[in-house]
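Colleague: I'd like a close look at just one part of this model, the metal site, please. Talk me through it as you would at the bench.

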Amino acid sequence: MSSTQGGTGQEAAVDPEGQAAFDAIIDADGRIEPRDWMPDAYRRTLVRQISQHAHSEIIGMQPEANWITRAPSLRRKAILMAKVQDEAGHGLYLYSAAQTLGTSRDTMLNQLNTGKARYSSIFNYPTPTWADVGAIGWLVDGAAICNQVPLCRASYGPYARAMIRICKEESFHQRQGFEILLTLARGTGEQRAMAQDAVDRWYWPSLMMFGPPDGDSPNSARSMAWKIKRFSNDDLRARFVGMLVPQAEALGLSLPDPDLRYDDAAGRWITGEIDWTEFQEVLAGRGPMNAERLRRRNEAHDDGAWVREAAAEYARKQAMSDGGPGAGPHGGAPARTDAPATEPRAQRAVVGQEGEAAA
Ligand SMILES: [Fe+2]
Ligand SMILES: [Fe+2]
């Protein structure tokens with residue numbers, strides 16, 4: 001895709017005073033808010049990062065939703081439905097945060113649906129067994145937590161605040177995935193083999209979720225200077241692996257990484273060689289499930305057309321009944337569909353005023 005995900009319509013001119021105020025907030029570890037002046041590149045970086053993040057949450061619903069109808073028990077089905085709904089909620093918080101930067105929901109969704117926007121490459125892998133739901137929770141949500149906890153302190157206020165709630169929910173996701181794997185690992189030989197197979201398939205793609213090695217991540221330094229990003233890709237990856245090792249032991253499952261070792265001198269875990277060609281291929285749209293994910297996304301978007309139309313019509317009627325633009329010829333409230341037809345117009349107007357005063 002191109003370097004940004006669409007213009008924001010709010011190009012800031014060079015503004016030495018604004019720049020100085022911005023720098024002072026960043027230096028003091030404060031928060032930049034939508035009303036504040038910010039450099040164009042900062043705004044563009046955030047629009048790209050937050051919208052990609054939102055897209056990942058929405059596309060990320062698909063691999064696991066694949067198992068809702070086939071979850072092995074009512075309890076598992078209820079948990080999985082709640083988890084997939086959480087991911088939809090994460091997408092909504094994040095689209096809203098991106099909108100505060102001047103981009104529109106329609107623009108972002110159009111970029112996703114037409115394949116112009118990126119989302120996390122991890123969601124382009126298939127989920128052939130129930131154990132994949134466990135491996136996704138443990139590894140994918142686990143990697144998401146490592147990536148996202150530092151984002152709760154990102155310098156852009158709406159993004160940081162959205163991440164606080166998201167991280168609480170991701171932590172539940174990670175635990176439920178671990179618990180699925182634990183149940184399988186303590187089950188029959190066949191169940192244990194299914195759990196191990198899922199871990200073998202998701203381990204390497206989950207390491208790729210942290211992005212390319214630090215040497216190949218040219219924009220990282222700038223994002224760190226802006227305090228959007230707090231740790232490098234490789235640092236976060238090492239931290240994640242350090243978290244996995246004792247948990248894999250508790251599960252009685254192995255990580256498919258014979259070269260994985262703890263480096264005493266460096267004080268961190270070192271993984272085996274990551275296949276970055278595979279990462280680039282999946283990112284370029286040639287992963288096992290890219291086409292299917294995009295097809296299903298467009299189908300869901302088309303299926304939801306009636307909801308968007310109904311919401312727009314409802315908003316239009318609300319605006320009319322509030323005497324806003326498009327109000328009736330007498331300047332008062334035309335009939336509201338949710339108000340009794342016999343209610344005097346004057347009384348409704350008073351109620352409306354009180355409502356406004358209280359708002
Ligand atoms: Fe999420
Ligand atoms: Fe999650």
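Modeller: Let's start with a term: buried means under 20% relative accessible area, exposed means over 50%, and partly exposed is in between, using a 1.4 Å probe and protein chains only. This is a predicted model, so local features need pLDDT of at least 70 and side-chain atom pairs count only at pLDDT 80 or more, while totals for chains, interfaces and linings use all residues. Residues are numbered from 1 along each chain as its sequence is written, chains are lettered from A and ligands numbered from 1 in the order written, and side-chain values use heavy atoms, with hydrogens and water left out.

Now the site. The iron ion (ligand 2) has as its protein donors Glu 87 (OE), Asp 141 (OD), Glu 170 (OE) and His 173 (ND1), at 2.0 to 2.2 Å. Donors are N, O and S atoms within 2.8 Å of the metal (3.2 Å for Na, K and Ca), and sites may look incomplete because water is not among the atoms. Along the chain, these donor residues follow the spacing E-x53-D-x28-E-x2-H.

The angles among the four donor atoms run from 88 to 155°, and the site counts as irregular. That's the label for whatever fits none of the regular cases: tetrahedral for four donors with all angles between 85 and 135 degrees, or square planar (four) and octahedral (six) with opposite donors over 155 degrees apart and all others between 65 and 115.

Glu 87 also does double duty, bridging the iron ion (ligand 2) and the iron ion (ligand 1), which sit 3.4 Å apart. Glu 87 belongs to helix H4 (residues 74-99) and Glu 170 to helix H7 (residues 157-185), so the pair ties together parts 83 residues apart in sequence. Helices here are DSSP runs (H or I, at least four residues), numbered from the N terminus. Both Glu 87 and Glu 170 are buried.

Glu 87 and Asp 141 turn up again in a network of salt bridges with Glu 64 and Lys 83. A salt bridge needs a side-chain nitrogen of Lys or Arg within 4 Å of a carboxyl oxygen of Asp or Glu.

Helix H7 has salt bridges of its own. Glu 169 and Arg 165 both lie in helix H7, four residues apart, or about one turn, and their side chains pair at 3.7 Å, N to O. Glu 169 is buried at 16% relative accessibility, whereas Arg 165 is partly exposed at 48%.

Definitions and conventions: Helix = DSSP H or I, 4+ residues; strand = E, 2+ residues; numbered from the N terminus.
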